[in-house]
Amino acid sequence: MRRYDQSVRAWDCRSHSTEPIQIIDTFQDSVMSVCLTKSEIIAGSVDGTVRTFDIQIGRELVDDLKQPVNCVSLSNDTNCILASCLDSTLRLLDRSSGELLQEYKGHTCKSFKMDCSLTNSDAHVTSGSEDGFIYFWDLVDASVVSKFRAHASVDSCMITSSVDGKGSCI
């Protein structure tokens, strides 16, 4: 039986050491996605949790979504966490309370890792789908406001660019 690493590891790249300076191993299954702030590591796991580690004070917060999490991303105002789960549902969580603010459905995410994010204005949520479409939802009412076929099958990443010089990959 293959055993997957159930940890997040941090290295000091300036030291050129191959040994991690920190290992976070409180997960019960594989870690699928990580995002960072200046003082926090936020990770989504197949164990159904989104864990936020405050590395300055050593605190861990756990939000149990009860569904495998394959992608986490932060809203641009950093007040919310968006989590893509393998039950074809995106969940928007309030970072300070862990409260479920909204759920977004309509796409298919059951077998593959699907990235998700909020648009630059935080007005819309977007994700790839196993049916080859890219979906956009209204942040507040969770209605699908747009979808377009990007590929004939699974679409897990979308790259954008604009005249403001900012590109992104989701």
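Two strands are said to pair if DSSP finds at least two bridges between them, and that idea opens the tour of this predicted model.

**Figure 1. Strand 9 and its partner strand 10, with Leu92 facing Gln102.** In this view, Leu92 stands opposite Gln102, a residue of strand 10. Strand 9 and strand 10 (residues 100-104) run in the antiparallel sense and share four bridges. Together they form a hairpin with five residues between the strands. Look in the turn for Gly98, which has a positive phi of about 80 degrees.

**Figure 2. Strand 8 and strand 9, a second antiparallel pairing.** Here strand 9 meets strand 8, and the two are joined over six bridges. A handy landmark is Ala83, which stands opposite Arg91 in strand 9. The hairpin of these two strands has three residues between them, and Ser88 takes a positive phi near 60 degrees.

**Figure 3. Strand 9 on its own, and what lies on either side.** In a regular strand the side chains alternate between the two faces of the sheet. Thr89, Arg91 and Leu93 point one way from strand 9, while Leu90, Leu92 and Asp94 point the other way. Is strand 9 largely enclosed or left open by the rest of the structure? Six of its six residues are buried, so strand 9 is largely enclosed.

**Figure 4. The largest nonpolar core.** This core has 13 residues. Those with the most contacts inside it include Leu82, Leu90, Leu92, Tyr104, Cys116, Val125 and Trp137. Which elements give two or more residues to this core? They are strand 8 (80-85), strand 9 (89-94), strand 11 (116-118) and strand 13. Strand 13 gives the most, with three residues. A second, separate core has eleven residues, among them Cys35, Ile42, Val50 and Leu93.

**Figure 5. The surroundings of Cys116.** Leaving aside residues up to four places away in sequence, Cys116 touches Cys71, Ser73, Leu82, Ala83, Ser84, Leu90, Thr126 and Ser127. Thr126, one of these neighbours, appears again in the next view.

**Figure 6. Thr126 and Gly128, two residues of strand 12.** Strand 12 covers residues 124-128, and Thr126 lies within it. Thr126 has a relative accessible area of 2%, so it counts as buried. A polar atom of the Thr126 side chain lies 2.9 Å from the backbone oxygen of Tyr135. Gly128 also belongs to strand 12, and Gly128 is buried too, at 5% relative accessible area. The C-alpha atoms of Gly128 and Thr108 are 8.4 Å apart, although 20 residues separate them along the chain.

**Figure 7. Aromatic rings, in pairs and in a cluster.** The structure holds five aromatic pairs. How are the rings of Phe136 and Phe148 arranged? Their centres are 6.4 Å apart and their planes meet at 25 degrees, so this pair is stacked; planes under 30 degrees apart earn that label. Phe136 sits in strand 13 (residues 133-138) and Phe148 in strand 14 (residues 144-149), so the pair, twelve residues apart, links distant parts of the chain. Phe148 is partly exposed, with a relative accessible area of 37%. Elsewhere, Tyr104, Phe133, Tyr135 and Trp137 form one aromatic cluster.

**Figure 8. Charged ends over aromatic rings.** The charged end of Lys147 sits over the ring of Phe133, 4.8 Å from the ring centre. In another such arrangement, Arg51 places its charged end over the ring of Phe27, at 5.3 Å from the centre.

**Figure 9. Two loop residues with positive phi.** Most residues other than glycine have a negative phi, and most peptide bonds are trans. Lys66 is not a glycine, yet its phi is positive, about 60 degrees. Lys66 is found in the loop between strand 6 (59-64) and strand 7 (69-74). With a relative accessible area of 63%, Lys66 is exposed. Asp122 likewise has a positive phi, near 60 degrees, and its place is the loop between strand 11 and strand 12. Is Asp122 buried or exposed? At 12% relative accessibility, Asp122 counts as buried.

**Figure 10. The protein as a whole, for orientation.** The protein has 16 strands and zero helices. Of its 170 residues, 41% are buried. Among contacts between residues at least 6 apart in sequence, 30% join residues at least 24 apart.

Methods. Residues numbered from 1 in each chain as written. Predicted model: local features only at pLDDT ≥ 70, side-chain atom pairs only at ≥ 80, totals over all residues. Heavy atoms only, no water. Phe/Tyr/Trp six-rings, centres within 6.5 Å; stacked < 30°, edge-to-face > 60°. Buried < 20%, exposed > 50% of the residue type's maximum accessible area, 1.4 Å probe, protein only. Lys NZ or Arg CZ within 6 Å of the ring centre and 35° of its normal. Polar contact = N/O pair within 3.5 Å; in protein donor to acceptor, adjacent residues only side chain to side chain. Core = buried A, V, L, I, M, F, W, Y, C linked by side-chain atoms within 4.5 Å. Contact = heavy atoms within 4.5 Å.
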